[in-house]
Amino acid sequence: MTNSRFGPRARGSNLVGVLGGDRVASVDGFGTVRPERAGWELMWWIGADDRWHFPEQEAAVRQTLLDGMPVVCTSMRVPGGDAVHRAYGGTTTAAVVEIANESPVPFVFGLVVRGASHLATEGPVVVIDGRPAIAGARAPARWALSTDGTTSQVVTGGGARNDEFTPQRSRAARLEAALLFPVAHHTVLRFVLPLGPSYSDVVIARFPDADQVARGWRAQLERGMRVELPDPSLQTVVDTARAQLLLAGQAWMPDSEVVAALEDWGNDSEARSAWSRLGMLARRKAARRAPGRGSWDDVRGRAAAGDARFLNVLRSALVGEAATTIELLHDWPAEWRGLPLDVRSAPTRLGPVSYSLRWHDERVALLWEVPAGATVRIPGFDPEWSTTEPRGETLLVPSG
């Protein structure tokens, strides 16, 4: 995980889920999980030897994405080590929330449900607003609840109860319940959150772990358009944004920029699915979009967001098209002089486009493969050069 200014987003919002899943969930910069269309959110607190720790109030909270993929790891400092909260898509119907005690002493994990109107437990399963919503390995050891946001005061004051959880309902105000679980040192506690409208019994041990999920997402990025940029930190942003894009396409109401990026990066099946869920205005906006001519300044300006718009700008900086002309690279950053670039399977109206740059001292070799009948230009290196050959290699002398 890179710490450069182009690194994956921290203290932002990331999506978690699985391709082909029913729904997704978002995870904010403090590790709060919000399942799509649920109406409630899942927070976390840690009771350590020194005191209770609340992520929103702690300075020592860090967040990363495992290998840049949709596995959100939020770490909070506790005496002797860290409490690490991980959230990721486990199956097509469920997300996983884990808490790892990476300290030498036990602590108490508070699984906090906020915003529900009805809460109950059935053994290790938490029922929220009438449907099973959280499945753990065991029932909570203690619990506390309020309707006025004072649950943390009950917990820190030692007022959590140790009897069986009593079903709670509130029409006038939303509930806030803290379910408390002891976690031994150097162990992991796991919970499953069904994301779809249906629920079946789950076996927590059978769900993939975080490393397996990150590797699976890496494999998904081998589909569609692929790029290898000269800047490793910017490359990390691209990979992260592409994975987030696939999940954004599964949202209940995707954005037109998301559909455009799915199409322009070659994720055709996801684009078709997302298009079917676009509203009328969003469809018109997506259909009317004109091909842009992105610059690397534009790309850098959007890199911090790492969103669909960023991918759309990057695509237009790498490959443009007009009628039967394929235009590659309208400009090239001075700091990338001498560095290679690879673009594979960029979809265009004429067909897929691939090309590479390789440097020989002050000259650059362009290798290309485009659909028959296309004219290729690369104005960022030689505005006068063009070819109608569908594949080949040439040496160019960069201007400037």
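This short talk goes through the aromatic ring pairs in the structure above, and then two charges over rings.

Keep in mind that this is a predicted model. It holds nine aromatic pairs. I will take two of them in turn.

First, how do we describe a pair? We use the distance of the ring centres and the angle of the planes.

Start with Trp296 and Trp336. Their ring centres are 4.8 Å apart. Their planes stand at 65°, and over 60 counts as edge-to-face, so that is what we call this pair. Where do the two residues sit? Trp296 is in helix H7, residues 296-303. Trp336 is in the loop between strand E20 (325-328) and strand E21 (341-346). They are 40 residues apart, so to speak of distant parts of the chain being linked is fair here. Both Trp296 and Trp336 are buried.

Next, Trp368 and Trp385. Here the centres lie 5.5 Å apart and the planes are at 70°, so this pair is edge-to-face too. Trp368 belongs to strand E23, residues 363-369. Trp385 belongs to strand E25, residues 382-387. The separation is 17 residues, and again the pair links distant parts of the chain. Buried or exposed? Both Trp368 and Trp385 are buried.

Now back to Trp296 and Trp336. Ring pairs link them with Trp332, Trp359 and Phe381 into a cluster.

Last, the charges. Arg300 lies over the face of Trp336, at 5.7 Å from the ring centre. So Trp336 has a ring partner in Trp296 and an arginine over its face. Elsewhere, which ring does Arg37 sit over? Its charged end is over Trp252, 3.9 Å from the centre of that ring.

Conventions: Residues numbered from 1 in each chain as written. Predicted model: local features only at pLDDT ≥ 70, side-chain atom pairs only at ≥ 80, totals over all residues. Heavy atoms only, no water. Phe/Tyr/Trp six-rings, centres within 6.5 Å; stacked < 30°, edge-to-face > 60°. Helix = DSSP H or I, 4+ residues; strand = E, 2+ residues; numbered from the N terminus. Buried < 20%, exposed > 50% of the residue type's maximum accessible area, 1.4 Å probe, protein only. Lys NZ or Arg CZ within 6 Å of the ring centre and 35° of its normal.
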